Amino acid sequence: MDTRATSTDEVLSRRAALVGAIGGALLVMHGPASAKAIFAEVWKDPNCGCCKDWVAHLEAGGFKVKVNDTGNEVMRARLGVDPKYGSCHTALIGGYVIEGHVPVREIHRLLKERPTALGLAVPGMPVGSPGMDGGPYGNRKDPYNVMLLAKDASAKIYQRYEGSKS
């Protein structure tokens, strides 16, 4: 009997399980300080500058990143993220979905705490979030929430960023 995956969904499910197992094993063996060994796969639009900036934010935070310049809507849906939490890029890190401009600090916290959850999201593209910050935005920082997404499509605030007036 042929036991190979026969559909894209099966391949993605196996990949997500493998990435989660590897990420979890690295954290157990080395702790959060070894985040440089954690793999992140990102789906984004090839022409999006803020997505490129967010990928640079991940890399600066110690993640090894593979970028898929194919857009993210199909992957967001396949990974189970409700469109109301959508943004311009989607990632899979340590078995969790990361949607939008989530700060590295919260990703490290998620990987350390390992809650039962789908992942994290920063809905939309709030100015001042990683990738939506700096000179082009006048260094403005709007308030935003990092949401913890449950597997049942509910969500709660994981971390609040208050922003600042410039």
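This passage describes a helix, a pair of aromatic rings and an internal cavity in a predicted model.

Helix α4 spans residues 104-113, and its buried residues are Val-104, Glu-106, Ile-107, Leu-110 and Leu-111. These residues lie on the same side of α4, because the arc that they cover around the axis is only 160°. This arrangement may be read alongside a general property of the α-helix, in which residues three or four places apart point the same way because there are 3.6 residues a turn. On the other side of α4, Arg-105 and Lys-112 are exposed. Just after the helix, Arg-114 takes a positive phi of about 50°.

A search of the whole structure for aromatic pairs finds one. The pair is formed by Tyr-144 and Tyr-161, whose rings are stacked, with 5.0 Å from centre to centre and 5° between the planes. Distant parts of the chain are linked by this pair, since Tyr-144 belongs to strand β6 (residues 144-149) and Tyr-161 to strand β7 (residues 155-161), with the two 17 residues apart. Both Tyr-144 and Tyr-161 are buried. A further ring, that of Tyr-158, has Arg-109 lying over its face, at 3.7 Å from the ring centre.

The structure was also examined for enclosed space, and the count comes to one cavity of 30 Å³ or more. The largest cavity has a volume of about 40 Å³, and it is lined by Gly-80, Val-81, Asp-82, Tyr-85, Leu-118, Leu-149, Ala-150, Ala-153 and Ser-154. When the residues of this lining are sorted by class, six are nonpolar, two are polar and one is charged.

Key
Residues numbered from 1 in each chain as written. Predicted model: local features only at pLDDT ≥ 70, side-chain atom pairs only at ≥ 80, totals over all residues. Heavy atoms only, no water. Buried < 20%, exposed > 50% of the residue type's maximum accessible area, 1.4 Å probe, protein only. Helix = DSSP H or I, 4+ residues; strand = E, 2+ residues; numbered from the N terminus. Arc of directions from axis to C-beta. Phe/Tyr/Trp six-rings, centres within 6.5 Å; stacked < 30°, edge-to-face > 60°. Lys NZ or Arg CZ within 6 Å of the ring centre and 35° of its normal. 1 Å grid on protein atoms, 1.4 Å probe; cavity = no way out; pocket = protein on both sides within 12 Å on 5 of 7 lines; lining within 4 Å. Points joined across faces, edges and corners; volume = space filled by probe spheres on them. Nonpolar A, V, L, I, M, F, W, Y, C, P; charged D, E, K, R; others polar.
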